[in-house]
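Open the model in a viewer and keep the sequence panel visible. The stops below are given in the order in which to select them.

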Amino acid sequence: MVRIDISIEEELDGLERSAQKAQDLRPALREAGQIARTSIVRNFEVGGRPERWKPSGRVKKQGGQTLVDSGRLSRSIAGAKPQVTGDSVTIGSNVAYAAIHHFGGKIKKRARSQTLAFSGTGRFLSRKLAGRRKKGATRVAFATIGKHEIDMPARPFMLLQNRDIADIKQAIVDYIMG
């Protein structure tokens, strides 16, 4: 005959601790925010996930990486601390043009006129130099650009990958059960 002793008291204590932890998920949500932030920064590093972003006009002309000209947009995410409130975590960007890059859309440009400065070889120098005729500015031109729209393609950078979502779920389970 085999005798098995089961102490349900220890199991109940573990369930009680887990229930108490489930009442305040802020520590787990902070970790979830870090996982999300790391994933979004990775999207910038690889030029879009799961699909690569459509190359921008600047990248086609000058090279480089789409959405990473000055790095301001990606730094706004990388340097942001995820905000945990109650039972949610938020991470985002305070850069004014973040939404149009993420979702895409039409940008309406008004008609405008401006003075441009060019070097003797025809190389564009600067709008600022045009009025001052600085050294190297051998030709000045006045340009008028009519009202037009720019169709900005969506380049969703605030995306989490399936692996990230699984990691976030696991972090919450580990917190509650740990």
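A residue is called exposed when its relative accessible area is over 50%, buried when that area is under 20%, and partly exposed in between. Asp69, with a relative accessible area of 57%, is therefore exposed. The model is a predicted one.

**Whole chain**

Start with a cartoon of the whole protein. It contains seven helices and seven strands, and along the sequence these run α-α-α-α-β-β-α-β-β-β-α-β-β-α. Colour by accessibility next: 27% of the 178 residues count as buried. With the surface switched on, the accessible area is about 12800 Å², and carbon and sulfur atoms account for 52% of it. Contacts between residues at least 6 apart in sequence can also be sorted by separation; 64% of them join residues at least 24 apart.

**Helix α2**

Select residues 26-46, which form helix α2. Its 21 residues reach 30 Å from the first C-alpha to the last, close to the 30 Å expected at 1.5 Å a residue. Which residues of α2 are buried? Show the side chains of Ala28, Leu29, Ala32, Gly33, Ile35, Ala36, Arg37, Ser39, Ile40, Asn43 and Phe44. When judging the spacing of such a list, recall that an α-helix has 3.6 residues a turn, so residues three or four places apart point the same way.

Now add what the buried residues of α2 pack against: α4 (72-78), β1 (83-85), β2 (88-90) and α7 (162-177). After the helix comes Gly47, with a positive phi near 80 degrees.

**The aromatic cluster**

Stay on α2 and centre on Phe44, then add Trp53 and Phe157; ring pairs link these residues into a cluster. The structure holds two aromatic pairs. In the pair of Phe44 and Trp53, the ring centres are 5.7 Å apart and the planes stand at 70 degrees, so the arrangement is edge-to-face. The pair of Phe44 and Phe157 is tilted, with 5.2 Å centre to centre and 45 degrees between the planes.

What does the second pair join? Phe44 lies in helix α2 and Phe157 in the loop between β7 (148-152) and α7, so the pair ties together parts that are 113 residues apart in sequence. Check the burial of each ring residue: Phe44 is buried at 3% relative accessibility, Trp53 is buried at 8%, and Phe157 is buried at 2%.

For another aromatic residue, select Tyr175 together with Lys21. Lys21 lies over the face of the Tyr175 ring, at 5.3 Å from the ring centre.

**Salt bridges**

How many salt bridges does a search of the whole structure find? The search finds five, and the following stops visit some of them.

- Select Arg26 and Asp24. Their side chains meet in a salt bridge at 2.8 Å, N to O. Arg26 is partly exposed at 40% relative accessible area, and Asp24 is partly exposed at 28%.
- Select Arg58 and Asp69, whose side chains form a salt bridge at 3.8 Å, N to O. Arg58 lies in helix α3 (residues 57-62) and Asp69 in the loop between α3 and α4, so the pair ties together parts that are eleven residues apart in sequence. Arg58 is partly exposed at 22% relative accessibility, whereas Asp69 is exposed at 57%.
- Select Asp151 and Lys106. The closest N and O atoms of this salt bridge are 3.9 Å apart. The pair links distant parts of the chain, with Asp151 in strand β7 and Lys106 in strand β3 (residues 105-109), 45 residues apart. Asp151 is exposed at 56% relative accessible area, and Lys106 is exposed at 53%.

**Backbone details in two loops**

Return to the loop between α2 and α3, where Pro50 lies. Display the backbone from Arg49 to Pro50: this peptide bond is cis, with omega near 0 degrees.

Move on to Leu67, in the loop between α3 and α4. Leu67 has a positive phi of about 70 degrees, although it is not a glycine. Is Leu67 buried or exposed? Its relative accessible area is 12%, so Leu67 counts as buried. Asp69, the salt-bridge partner of Arg58, is in the loop between α3 and α4 as well, but Asp69 is exposed.

Methods:
Residues numbered from 1 in each chain as written. Heavy atoms only, no water. Helix = DSSP H or I, 4+ residues; strand = E, 2+ residues; numbered from the N terminus. Expected span 1.5 Å × (residues − 1). Buried < 20%, exposed > 50% of the residue type's maximum accessible area, 1.4 Å probe, protein only. Contact = heavy atoms within 4.5 Å. Phe/Tyr/Trp six-rings, centres within 6.5 Å; stacked < 30°, edge-to-face > 60°. Lys NZ or Arg CZ within 6 Å of the ring centre and 35° of its normal. Areas by Shrake-Rupley, 256 points an atom, 1.4 Å probe, with all protein chains shown as cover. Salt bridge = Lys/Arg side-chain N within 4 Å of Asp/Glu carboxyl O.
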